[in-house]
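Here are my notes on this one, for someone opening it for the first time. Have the structure up beside you and take the points in order.

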Amino acid sequence: MLMEKAVYIQGESGDSSDRKLKIRKKLHKSLPKKKKKMILEKEEQDVVKFGGSECRYECVIEAVKANNWKIIDDEDNEYCNIYWIDIANIYERMAKIKSWQYINHFPGMNQIARKNRLAWNLEKMRREFPREYSFYPKTWILPFDMHEFRAQFDNKTGKSNRFFIIKPEAGCQGKGIFLTQDINEIQNIEAVVAQEYIRKPLLLDNYKFDLRLYVLITSVLPLRMYLFNDGLVRLCTEEYVKPTEDNAHIRCMHLTNYSINKFSDKFSESSQNQASSKRSIQWFLQYLKKHKGTEKTEQLWRRIGSICVKTVLSILPALQREYHSLFPCQQQNTKNNSHCFEILGFDVIIDHALRPWLVEINHLPSFGTDSDLDQNIKSRVVREALSLVQAQANDRNNYEMNEMNQIEQRLYYTTEQQDEQSSVIPPEIIQRNKIQSIRRKIQDIFLQSKPEHIVRIEGWMRKYAGREESLLQLVEKKYMPSSNDPAPVEQNIVEEEEEE
């Protein structure tokens with residue numbers, strides 16, 4: 001039904017309407033800027049506009065359509081409420097963002113997305129807090145740390161009894177990564193990081209694996225983070241054997257990157273988790289509960305969440321500085337004090353003692369859906385992330401009205417009169433703030449009790465328009481922690497829909 005509504009907004013169903021829509025888009029691109037502005041303001045006053053010209057993934061577009069938002073797919077994103085980009089160079093785009101718009105990246109996040117900067121920040125924190133930051137393998141930034149790194153090898157032979165994994169500092173998808181225990185193999189290589197290899201990883205069916213976790217950041221002042229309660233388990237396609245000189249070159253044995261293993265003849269895309277080379281984290285947690293016990297499994301998940309928070313904390317001052325340098329007046333111009341939100345991909349390896357180790361972070365995680373499992377998990381990640389972005393269709397109008405009011409106050413009122421005028425809040429603003437407060441309360445309740453319901457809040461708010469307090473009372477009654485026997489709130493709402 002949601003997909004049907006999205007199609008209806010764009011035009012009538014059928015092939016002829018698709019052709020009309022394509023023609024309309026071409027004509028729209030050729031219009032003068034002022035004419036385009038008038039058309040957008042007239043036709044889409046009550047619709048959130050999503051800038052998707054640099055969005056590469058279909059599951060993101062599907063989530064936008066499910067929200068009944070308008071997709072602006074040309075390069076002119078001046079009138080978009082939300083601007084989504086899937087490219088590495090984000091600073092040029094951020095410079096054009098208006099005070100009422102949202103963008104799916106934070107400035108400065110490359111401080112942990114690039115391997116050398118992640119290593120530098122975490123090693124710095126480890127010197128101050130060695131116990132709290134022991135979740136990251138010892139890492140050297142080369143050639144900067146070459147003198148210290150050379151001390152890990154024998155002076156005569158240049159060999160070490162340990163293996164190190166060498167990664168290009170700005171590489172991705174497993175490109176340029178190799179294992180070595182010989183210093184001579186990296187003498188002339190520049191701009192890499194060398195990391196201690198985890199020799200005893202936890203295995204699944206004798207295969208090495210890692211976890212791809214999804215973390216959403218919605219604000220850096222204050223810091224607000226959400227860890228998605230599912231994700232991907234990515235397995236190697238060659239059975240694991242401890243690294244030796246003979247097998248260190250076998251990438252599908254030691255590297256868990258999907259972009260490497262998917263080309264192996266042994267890669268499996270079975271719909272059954274237990275037989276696939278890619279599985280869900282929920283399946284993995286149930287597997288651990290069965291073989292290791294519930295207590296150890298829950299402790300592991302808490303430690304993983306702690307790793308995510310501590311990693312972002314290591315660069316939080318830098319994130320706040322860069323954010324304020326781009327958006328110096330944001331506190332007066334947006335309702336939740338954040339123009340930005342970002343989905344990060346955290347890659348974690350579990351060792352044989354159930355200890356999680358952070359491997360790297362991706363600030364441009366792929367939302368490509370090569371399988372049903374990808375579609376299921378990644379579409380839910382995107383939907384829930386967009387549900388926490390509180391963009392409204394009238395954000396621009398409210399911002400411009402506020403700017404006009406401030407100009408009028410400066411022109412026509414004294415300082416004392418300005419203070420008096422600013423204390424008088426229009427009723428529509430009071431009502432909107434009240435609704436936003438109710439939405440946040442419901443969201444907080446579901447975060448504690450039923451996180452899977454967060455994506456449904458917007459639909460319930462629309463259904464209960466004018467009766468938001470009744471919805472809040474219903475949610476509090478059913479899902480507050482003090483409740484002894486909670487019942488699903490969606491059941492009550494569905495019953496009411498059927499009665500209507």
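**Notes on the model**

1. Let me start with one residue: Glu148 is partly exposed, with 39% relative accessible area. Bear in mind that this is a predicted model. Glu148 pairs with Lys138 in a salt bridge, and their closest N and O atoms are 3.6 Å apart. The two sit 10 residues apart, with Lys138 in the loop between helix H7 (115-128) and E5, and Glu148 in helix H8. Lys138 is also partly exposed, at 27% relative accessibility.

2. That pair isn't on its own. Salt bridges with shared partners tie Glu123, Arg126, Lys138 and Glu148 into one network. Across the whole structure, the search turns up 18 salt bridges.

3. Two other salt bridges are worth a click. Glu196 and Arg162 meet at 2.5 Å, N to O; Glu196 belongs to strand E8 (residues 192-196) and Arg162 to strand E6, 34 residues apart. Both ends are partly exposed, Glu196 at 28% and Arg162 at 29%. Then there is Lys159 with Glu245, at 3.6 Å from N to O. Here the partners are 86 residues apart, Lys159 in strand E6 (residues 159-168) and Glu245 in the loop between E11 and helix H9 (251-254). Lys159 is partly exposed at 34%, while Glu245 is exposed at 58%.

4. Now step back for the overall picture. The protein has 21 helices and 14 strands. Of its 500 residues, 47% are buried. Among contacts with a separation of 6 or more, 64% are between residues 24 or more positions apart. The exposed area comes to about 26,600 Å², with carbon and sulfur atoms supplying 49% of it.

5. Helix H15 (residues 372-387) deserves a look. It has 16 residues and spans 22 Å from first C-alpha to last, close to the 22 Å expected at 1.5 Å a residue. Is H15 enclosed or open? Largely enclosed by the rest of the structure, because 12 of its 16 residues are buried. Charged residues are on the buried list too, including Asp374, Lys378, Arg380 and Glu384. The cover over the buried residues of H15 includes helix H4 (58-66) and several strands, among them E3 (82-85), E10 (207-220) and E11 (223-235).

6. How many disulfides does a search of the whole structure find? The count is 0. For Cys55, the closest cysteine sulfur is in Cys59, 7.7 Å away, so the two are too far apart for a bond. Cys236 is in no disulfide either, with the sulfur of Cys252 nearest at 7.4 Å. Both Cys55, at 14% relative accessible area, and Cys236, at 2%, are buried.

7. Some backbone details may catch your eye. Most residues other than glycine have a negative phi, and most peptide bonds are trans. Against that background, the bond from Leu142 to Pro143 is cis, with omega near 10°, and Pro143 lies in the loop between strand E5 (139-142) and helix H8 (146-150). The bond from Leu221 to Pro222 is cis as well, with omega near 0°; Pro222 is in the loop between E10 and E11.

8. Next, the loop between strand E9 (203-204) and E10, where you will find Asp205. Its phi is near 55°, a positive value in a residue other than glycine. Asn206, in the loop between E9 and E10, has a positive phi of about 75°. Asp205 is partly exposed at 43%, and Asn206 is partly exposed at 44%.

9. Tyr258 lies in helix H10 (residues 258-261) and counts as buried, at 17% relative accessibility. Leaving out residues up to four places away in sequence, Tyr258 touches Arg234, Phe267, Glu269, Lys278 and Asp370. Arg234 is 24 residues from Tyr258 along the chain, yet their C-alpha atoms are separated by 6.6 Å.

10. Finally, a surface feature. Met404, Ile407 and Leu411 make up a nonpolar patch, with about 290 Å² of accessible area together. Leu411 is part of helix H16 (residues 395-412) and is exposed, with a relative accessible area of 60%.

How values were computed
Residues are numbered from 1 along each chain as its sequence is written. This is a predicted model: local features need pLDDT of at least 70, side-chain atom pairs count only at pLDDT 80 or more; totals for chains, interfaces and linings use all residues. Side-chain values use heavy atoms; hydrogens and water are left out. A disulfide is a pair of cysteine sulfur atoms within 2.5 Å. Buried means under 20% relative accessible area, exposed over 50%, partly exposed in between (1.4 Å probe, protein chains only). Helices (H or I, at least four residues) and strands (E, at least two) are DSSP runs, numbered from the N terminus. The expected span of a helix is 1.5 Å times one less than its number of residues. Contact means heavy atoms within 4.5 Å. Patches are made of residues with over 30% relative accessible area and no salt bridge: like charges are joined within 9 Å, nonpolar side chains (Val, Leu, Ile, Met, Phe, Trp, Tyr) within 5 Å. Accessible areas come from the Shrake-Rupley method with a 1.4 Å probe; for residues, only the protein chains shown count as cover. A salt bridge is a side-chain nitrogen of Lys or Arg within 4 Å of a carboxyl oxygen of Asp or Glu.
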